[in-house]
Amino acid sequence: MRDAGGYKGRQAGSTGPLRGRLWGAAVAGEEEKQSYEYGSTRYLLLCGLGGMLSCGLTHTAIVPLDLVKCCMQADPGKYKGILSGFSATVREDGLRGLARGWAPTLLGYSLQGLFKFGLYEVFKIRYSELLGPEGAYEWRTSLYLAASASAEFFADVALAPMEAVKVRMQTQPGFARMLRAAAPRMFAEEGLWAFYKGVAPLWLRQIPYTMMKFACFERTVEALYKYVVPKPQCQCTKAEQLAVTFVAGYIAGIFCAVGSHPADSVVSVLNKEKGSTAFEVLRRLGFKGVWKGLFARIDEGAGGWFWDFISIIMIGTLTALQWFIYDSVKVYFKLPRPPAAQAPPTQKQQE
C-alpha cells in the first residue's frame with residue numbers, strides 16, 4: 001500500500017528478481033499476490049497516476065479558497081480577509097466566479113502530481129541503491145529529503161505554465177475567464193517566458209514544502225507503527241493501514257505549510273504583474289507582506305486565532321487526503337506494500 005521508508009523490494013508471493021531491497025524484510029505472512037514488481041516501469045507509472053489523482057483532485061476541490069488567498073496576496077487593500085474576499089468575488093462575478101481558474105488548476109496540479117510522486121519513487125530507489133541497505137536505513141531521513149527535492153524540481157517545471165495562467169486569471173480582473181483564452185493571450189503578450197518566469201519562486205515554495213511533506217510523512221508512519229498502533233503492520237488490514245496513512249499525512253501537512261508560504265506570496269504577485277522579478281516583488285512586499293494570507297482571517301481583530309486554527313486544519317486535511325488517495329490507488333492496483341522502515345538484519349546483529 002505504501003513505501004513508508006521501505007525500499008524493501010517485492011513482497012512474498014511475487015515472482016522475478018528482487019529490486020530495490022534496502023532494509024527489512026517483506027511483510028510477514030503477506031499472501032496477497034502483487035500485480036507489479038516493486039520498482040518496475042509499470043509500478044512507477046501507476047505511482048505517477050496515483051500522484052495525478054491525489055494532487056489534481058484535491059487542489060481543484062479548494063479552488064474557491066485558493067482564489068481568495070491569491071487575491072489577498074496580490075491585492076491586500078481590496079481583499080482584507082477571507083469572508084470579505086468571498087463577498088467581493090461573488091459580488092463581482094457571482095458564484096461562478098469562485099471557480100475561476102479550475103481548469104489550469106486541475107491540469108497543472110495533475111501534471112505536478114505525476115512527476116512529484118512518480119519521480120519520488122524513482123529517486124528513492126536509485127538513491128537507496130547508491131547507499132546500500134545499511135546506509136539507506138541509517139540515512140533514511142536524508143534520503144527522503146533528497147528524493148523528494150529531486151522529484152519536486154521537475155514537478156514544478158511541469159506545473160509552472162498552468163500555475164501562471166491560473167494566477168493571472170484569478171488576480172487580474174477582466175483578463176480571461178477560460179483557459180483556452182488566457183493561455184494564448186499570455187503567449188501573445190509576453191511569449192514563452194510568461195509561463196516560466198514563476199518557476200524559480202515555485203522551486204523556493206514547493207521544494208521545501210515537498211521535502212517536509214514526504215520526510216515527515218515517512219518518519220511519522222514509522223513512529224505510528226512503532227509506538228501507537230497496537231499490533232505489527234503485517235497484521236493490520238488495508239483499511240487500518242490507510243487510516244495510518246491519513247493520520248501521518250495530516251501531521252505532515254501541518255508542519256510543511258508554513259515554510260512554503262513566503263514564496264507562495266511572491267509567485268502570486270509575480271504572475272499577476274508583467275516584467276517583475278522575484279527579488280523586486282520580495283523587496284516590495286517585505287517581511288510582513290510575504291506572510292499575508294497564511295492564516296485566512298475573518299478580519300484583523302477578534303476571532304483571528306480561530307481562523308488560524310481552521311486554516312491549519314484545512315492544510316492538514318488537504319495533505320492527508322493526498323496521501324490517502326495516493327495509497328488507495330496502490331491498494332486498488334495491488335501494488336507492492338513494503339512495511340515501515342526497519343533496520344537490515346546485518347545492522348540488527350551488530351546492535
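How buried is Lys 124, in terms of relative accessible area? Lys 124 has a relative accessible area of 0%, so this lysine counts as buried. Keep that residue in mind, as we will come back to its partners below.

## The chain as a whole

A quick word before the details: what you have in front of you is a predicted model. The secondary structure of the protein chain comes to 12 helices and zero strands. Following the sequence from start to end, you therefore read the pattern α-α-α-α-α-α-α-α-α-α-α-α, with DSSP runs numbered from the N terminus.

Of the 351 residues in the protein chain, 52% are buried. Contacts can also be sorted by sequence separation: among those with a separation of 6 or more, 75% are between residues 24 or more positions apart.

## How α5 packs against α4 and α8

Helix α5 spans residues 140–171, and helix α8 spans residues 199–228. The axes of these two helices lie 7 Å apart, and the helices pack at an angle of about 140°. That angle makes α5 oblique to α8, because roughly antiparallel is kept for angles over 145 degrees. The crossing of α5 and α8 is right-handed. In the contact of α5 with α8, the residues divide into 14 nonpolar, four polar and eight charged.

Helix α5 also meets α4, and here the axes come within 6 Å and cross at roughly 170°. This makes α4 roughly antiparallel to α5. Once again the handedness is worth noting: α4 passes α5 in a right-handed crossing. The contact of α4 with α5 is made of 24 nonpolar, six polar and eight charged residues.

## Lys 124 and its acidic partners

Back to the lysine we started with. The structure holds 15 salt bridges, and Lys 124 takes part in one with Glu 121, where the closest N and O atoms are 3.6 Å apart. Both Lys 124 and Glu 121 sit in helix α4 (residues 102–138), three residues apart, which is about one turn of the helix. Glu 121 has a relative accessible area of 2%, so this glutamate is buried.

Glu 218 forms a salt bridge with Lys 124 too, with the closest N and O atoms 3.5 Å apart. This pair links distant parts of the chain, as Glu 218 belongs to helix α8 and Lys 124 to helix α4, 94 residues apart. Both Glu 218 and Lys 124 are buried. Which residues make up the wider network of salt bridges? Glu 121, Lys 124, Glu 218 and Lys 330 are linked in it.

## A salt bridge within α5

Helix α5 has a salt bridge of its own to show you. The side chains of Lys 166 and Glu 163 meet at 3.9 Å, N to O, and a salt bridge is counted when these atoms are within 4 Å. Both residues lie in helix α5, three residues apart, or about one turn of the helix.

Are these two side chains buried or exposed? Lys 166 has 1% relative accessibility, so it counts as buried. Glu 163 is buried as well, with a relative accessible area of 3%.

## Cys 71 and Thr 89

Finally, here are two residues to select together in your viewer. Cys 71 lies in helix α2 (residues 63–74), while Thr 89 lies in helix α3 (residues 82–93). They are 18 residues apart in sequence and 9.5 Å apart in space, C-alpha to C-alpha. Cys 71 counts as buried because its relative accessibility is 3%, and Thr 89 counts as buried because its relative accessibility is 2%.

What does each residue touch, leaving out residues up to four places away in sequence? For Cys 71 the list is Pro 76, Tyr 79, Gln 170 and Thr 171. For Thr 89 the list is Leu 67, Tyr 79, Gly 94, Gly 97 and Leu 98. Tyr 79 is thus touched by Cys 71 and by Thr 89, because heavy atoms within 4.5 Å make a contact.

Note on methods
Residues are numbered from 1 along each chain as its sequence is written. This is a predicted model: local features need pLDDT of at least 70, side-chain atom pairs count only at pLDDT 80 or more; totals for chains, interfaces and linings use all residues. Side-chain values use heavy atoms; hydrogens and water are left out. Axes are lines fitted to C-alpha atoms, for helices over the stretch in contact, and angles run from 0 to 180 degrees between N-to-C directions. Helices (H or I, at least four residues) and strands (E, at least two) are DSSP runs, numbered from the N terminus. Angles under 35 degrees count as roughly parallel, over 145 as roughly antiparallel, 65 to 115 as roughly perpendicular and the rest as oblique. A crossing is left-handed if the near helix is turned anticlockwise from the far one by less than a right angle, and right-handed if clockwise. Ala, Val, Leu, Ile, Met, Phe, Trp, Tyr, Cys and Pro count as nonpolar, Asp, Glu, Lys and Arg as charged, and the others, Gly among them, as polar. Buried means under 20% relative accessible area, exposed over 50%, partly exposed in between (1.4 Å probe, protein chains only).
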